[in-house]
Amino acid sequence: MTTPKRTEIAERYGISEPPVVTETDTAVINSGPAVFANKMFATTMPQGMRLTFAEVNPGSPTPSFRTAVFLGVHDVAALADLLQRQLALVEQVDISHLVKPVGEEQ
């Protein structure tokens, strides 16, 4: 795979190239559990954005709170850039044998 070019968001907000992920970073990234979330909310404010993650169980109409983070404007732009870069890499991988289109019978 190739490294995607700088995104429009990175250009607009002057975000530097992502740093190299070290072994220490990897250890920290994988040191805790990941909670399941299938519902996300973004609350924008002049100072930045609060991202709230919840889980919706089909048997209950009320979402269950999982976690929330607040990011400053520059960090919101860095997150958007990170997601765009990662999605660009995912789009290069053929997963058609793993994922079926919505509504397709198995």
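In which order do the helices and strands follow one another when the chain is read along the sequence? The pattern is α-α-β-β-β-α. The legends below begin with the whole chain and then turn to single regions.

**Figure 1. Overview of the predicted model.** The structure shown is a predicted model. Its chain holds three helices and three strands. The chain has 106 residues, and 13% of them are buried. Its accessible surface comes to about 8600 Å², and carbon and sulfur atoms account for 60% of that area. Contacts also link distant parts of the sequence: among those between residues at least 6 apart, 42% join residues at least 24 apart. Three salt bridges are found in a search of the whole structure, and they appear in Figures 2, 4 and 5.

**Figure 2. A salt bridge within helix H1.** Helix H1 comprises residues 8-13, and both Glu 8 and Arg 12 belong to this helix. The two residues are four positions apart, which corresponds to about one turn of the helix. Their side chains meet in a salt bridge with an N to O distance of 2.7 Å. Are these two partners buried or exposed? Arg 12 has a relative accessibility of 54% and therefore counts as exposed. Glu 8, at 57% relative accessibility, also counts as exposed.

**Figure 3. Helix H3 and its two sides.** Helix H3 covers residues 73-91. At 1.5 Å a residue, its 19 residues should span 27 Å, and the C-alpha atoms at its ends are indeed 27 Å apart, so the expected and modelled values agree. Which residues of this helix are buried? Among the residues of H3, Ala 77, Asp 81 and Arg 85 are buried. These three cover an arc of only 75 degrees around the axis, and therefore they lie on the same side of H3. On the other side of the helix, Leu 87 and Glu 91 are exposed. The cover over the buried residues of H3 includes H1.

**Figure 4. Asp 81 and its partner Arg 85.** Asp 81 is part of helix H3. Its relative accessibility is 3%; because buried means under 20%, Asp 81 counts as buried. Which residues does Asp 81 contact, if its neighbours within four places in sequence are left aside? The contacts of Asp 81 are Thr 7, Ile 9, Ala 10 and Ile 15. Asp 81 also takes part in a salt bridge with Arg 85, in which the closest N and O atoms are 3.1 Å apart. Both residues of this pair lie in helix H3, four residues apart, or about one turn of the helix. Arg 85 is buried, as is Asp 81.

**Figure 5. A salt bridge between strands E2 and E3.** Glu 55 and Arg 66 form a salt bridge, with 2.7 Å between the closest N and O atoms. Glu 55 lies in strand E2 (residues 48-55) and Arg 66 lies in strand E3 (residues 64-72), so this pair ties together parts that are 11 residues apart in sequence. Glu 55 has a relative accessible area of 23% and is partly exposed. Arg 66, at 34% relative accessibility, likewise counts as partly exposed.

**Figure 6. Phe 36 beside the pair of Figure 5.** Where in the chain is Phe 36 placed? Phe 36 is in the loop between helix H2 (23-29) and strand E1 (39-45). Its relative accessible area is 52%; because exposed means over 50%, Phe 36 counts as exposed. Not counting residues up to four places away in sequence, Phe 36 touches Glu 55 and Arg 66. Phe 36 and Glu 55 are 19 residues apart along the chain, and their C-alpha atoms are separated by 6.7 Å.

**Figure 7. A nonpolar patch on the surface.** Which residues make up the nonpolar surface patch? The patch consists of Val 93, Ile 95, Leu 98 and Val 99, and its area is about 350 Å². One of these residues, Val 99, is found in the segment after H3. Val 99 has a relative accessibility of 48% and therefore counts as partly exposed.

Notes
Residues are numbered from 1 along each chain as its sequence is written. This is a predicted model: local features need pLDDT of at least 70, side-chain atom pairs count only at pLDDT 80 or more; totals for chains, interfaces and linings use all residues. Side-chain values use heavy atoms; hydrogens and water are left out. Buried means under 20% relative accessible area, exposed over 50%, partly exposed in between (1.4 Å probe, protein chains only). Contact means heavy atoms within 4.5 Å. Patches are made of residues with over 30% relative accessible area and no salt bridge: like charges are joined within 9 Å, nonpolar side chains (Val, Leu, Ile, Met, Phe, Trp, Tyr) within 5 Å. Accessible areas come from the Shrake-Rupley method with a 1.4 Å probe; for residues, only the protein chains shown count as cover. The expected span of a helix is 1.5 Å times one less than its number of residues. The arc is that of the directions from the helix axis to the C-beta atoms.
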